[in-house]
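Open your viewer and keep the selection box handy. We'll go from stop to stop, and at each one you'll get something to select and something to look at.

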Amino acid sequence: MRRGWLPLVLMTTLIVALGAYTEARQSVFLSKENLNSLLIEAMPLVLVSLGQASALLVGGFDVSVAALMTMCVVTASFTMTPTMSGLALLPGALALVAVGIATGVFNAVLIRVLRLPSIVATLGTLSVLEGASLLLRSFPQGAINTDVTNVLTSAVSFIPLAFVGVVLLAALGDLWLYRTRAGLALRAVGLDETSSRRLGMSTGRTVLLAFVVCSVMASIAGFYLAAEVQVGSPIVGNQALESIAAAVLGGASLAGGKGSFFGTMLAALFLTEINNVLPLFQQPAEYADMTIGVLILLALVLYQAPELIARFRAARRRPGELPAEMPAG
Amino acid sequence: MSIPGPVSSDVLSVRGLSKAFGAVQALRDVSIDCRAGEIHALVGENGSGKSTLLGIASGFLAPDEGTVDIGGRRLRRHSPAAARRLGLGIAYQDYSHVLDLSVAENIYLAMPADARPPYGRMQSWAEETLATFKLDISVTAATSSLSLAERQLLEVAKALLTRPKVLLLDEPTTALGPDAVEHLHTLVLEQARAGVGIVYVSHRLPEVLAVADRLTVLRDGVGQGTFEAASVSEDGLVALMIGRPLQVAFPERAALPEEAEVVLAVSGLRGERFGPIDLVVRKGEILGIAGAEGNGQVQFLRALAGAEHATGSASCGGSAYEMHSPLGPLRAGVVLLSGDRRSDALFPVLSVRANATIQILRRLARAGVVGRSPERRAIADLVERLRVRMGSTEQPIQSLSGGNQQKVSLIRPFLRGDVKVILAEEPTQGVDVGARFDIYEALRAKAAEGLATVVKSSDPLELAGLCDRVVVMSRGRIVQEIPRHELGERRIVEAIVGSRAVATAPAGEGAHP
């Protein structure tokens, strides 16, 4: 668990360092308006990354999340129109969540029942969802209810309430993952499915749950994307790879079983921060992509460093100082 | 011979089980029952259906036909969780540990969900649990850092955690030295006295006969009968298992010339768990490495093959070779046959042919393209000679039994023309009696060609029968060397026991933290 702190420390450091550097050059960065818009802007990526982290924890990928977010935006343009108000909006909102649950179950069935690798399965889902979105809205059309968007972005001072919510959610997620039986079971399934099944765990249900959580988080991210674009655009979602990047920077292992929701949240925040500050320096957005790529590579090397050092030390150890697990004869 | 219908005291009753994997009929109408307090051994060659039977009884596999009753109740849903609920515990041959988790976490997960202590008490609870099984393992250690013997004992302890009515043990002693086997048997007998029915699967007939009340023999997926242990002999059992009388035999050993040329010379080699070690192996010689498990034998052997970090030097045929990676030893003609075939040596999904020829593709290739027929020609004769049992050489190697997989990995050094040293780690682990002889014969044939061979084995009988000389390791060092004229199972076991007594003599030293 101690090694698990590295991503959290690294991400926090990077967020603060980049913020401080930017503030030193461009004093607008720490303005309430900018911080508020940064945090609102971060919401879709933070939410979908938290979902992605749960898919990674069981050793899967979900590349269909971005298409699902688009699908949700398009759905919202039908179910949450400006003419509605109050409770009439509730079924429309539930429709988005329903789309998420359906997608998650569909993915899980492809992976567990048809035994497709998750990356292939969700790639298929991605195409289906993209096609469906374009079928429903062949071009950006259909305004989305502003009452909803106002609620989503409501804030105390510059801090959006929703942001407080995801911070709590991520922290509770990590507590659950590393301090409860169910969290341990989830990690066990991600680390070694055969052994987990042998130990009597319902691995199928665990994977199903992880993918449904992933899709539901993506559909909630869809709400925030809808709030951002405010129109039924069929081509808005593009956070699939960024969400995987955030989960990995946050400490997730691509092999499954390892990861941190809080780290993922911080990483998603940091990735949004990069996108946010580049315009302040009049730099093209392409630099953001390159920076993110380099960062992921550096982070992966850094995260593995303790293990490499431990291995190196172990190899150097002399027979005089035998390791503790040496059994007595 | 005939098995009566389920009796109320039967804690496990398996009736008319059949199971096919594709074209292979793994089990055909097999029945077996286990009474409370009984140790019921299940013996048979590899591929005879023992593992399939255990897999079905434990709910991991669904049968094509037949029923499983645990503690008098029918297993209806074929899942390990359902079998556990009915009172079945199983120790898998290849374990059920999540290696990246700590020992405490693994023990915790092995507990049924409703019987687990609060999460915060996991550590102290795990310590208490291990203490009741007299296991001296640190609960905070990563499970991956345990020796195979420790993992095996931990697996049995985990199976017992659920307080099962019936306990299935699948080859529970493969990685255990004589003392650990005794520890295990004490534990098993204790459980049996407490009324647990135990189904004990093992290749080691003397061990099985020492503890079992009854035995059931399987051959080619068909039951050969159930017998009182007191009424059968080892020879009789072997005859039932293989269908022809066969002594556990070893190939003839030709006399070695007095001062044969030194092929492998090791000096001052030390690594994480062994050293310093000085050793020479001569041309045509098979040298055995004995010792209680976890005394550095495996690490020493792997270091020689460049698969484990070590300092010091080793030379092959007079010239020193690099040991930083497996490539240096391979170039020098030193080949390791890993004991962990599945994860180290073989490509499970590739065919028998591809697995056999993977190291000599360059030689088989013409203009960079490898033709299938030269490959098949290269291995055809060896497959025959080693008596590899399979449908065809195009079968994925994971569909073969353990013994046959081992034979395929033995084909590799035969195909390479440049091998000078074979390092064999547990060459017959999980291999049936008939296949064992084929493997011994193959190793002896290579030795006769002038190779030097080092065999690490936890079976003293095997070392006594196969080797020209045996060294005994304890706490990472060679403590005894047994020349050929003194070799015998008893002599080796005595050396292992004796050397341990010496090693642990100084008070406090070697104690666990």
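The tour starts in chain A with helix packing and then moves to chain B.

Before you click: this is a predicted model, where local features need pLDDT of at least 70 and side-chain atom pairs count only at pLDDT 80 or more, while totals for chains, interfaces and linings use all residues. Residues are numbered from 1 along each chain as its sequence is written, and chains are lettered from A and ligands numbered from 1 in the order in which they are written.

**Stop one: α2 and α11, chain A**

Select residues 32-57 of chain A for helix α2 and 240-249 for helix α11. Helices here are DSSP runs (H or I, at least four residues), strands are E runs of at least two, and both are numbered from the N terminus. The axes of α2(A) and α11(A) sit 8 Å apart at about 70 degrees; axes are lines fitted to C-alpha atoms, for helices over the stretch in contact, and angles run from 0 to 180 degrees between N-to-C directions. That makes the pair roughly perpendicular (the class for 65 to 115 degrees). Show sticks for the contact residues, including A:Leu45, A:Val48 and A:Leu56 on α2(A), and A:Ile244 and A:Ala247 on α11(A). Contact means C-beta atoms, placed from the backbone, within 7 Å.

**Stop two: α4 and α10, chain A**

Now pick 89-112 (α4) and 203-229 (α10) in chain A: about 145 degrees between them, axes 7 Å apart. Among the contact residues are A:Gly100, A:Gly104 and A:Ile111 from α4(A), facing a set from α10(A) that includes A:Phe211, A:Ser215 and A:Phe223.

**Stop three: the domains of chain B**

Switch to chain B and colour 10-242 as domain 1 and 262-503 as domain 2, bounds that come from an automatic or database domain assignment. Their centres, taken over C-alpha atoms, are 29 Å apart.

**Stop four: a sheet in chain B**

Which order do the four strands of the open sheet take? In chain B they run β12-β11-β14-β15, with antiparallel pairing; strands pair if DSSP finds at least two bridges between them. β12 (274-282) and β15 (319-320) of chain B are the edges, each with a single partner strand, so one side of each has no neighbour in the sheet. Zoom in on β11 (262-271) of chain B, which shares six bridges with β12(B); B:Val262 has B:Arg282 as its bridge partner. Finally, add helix α9 (297-304) of chain B, which packs on the sheet and touches β11, β12 and β14 (310-316). The direction of α9(B) makes about 120 degrees with that of β11(B).

Methods
Parallel < 35°, antiparallel > 145°, perpendicular 65-115°, else oblique. Contact = placed C-beta atoms within 7 Å.
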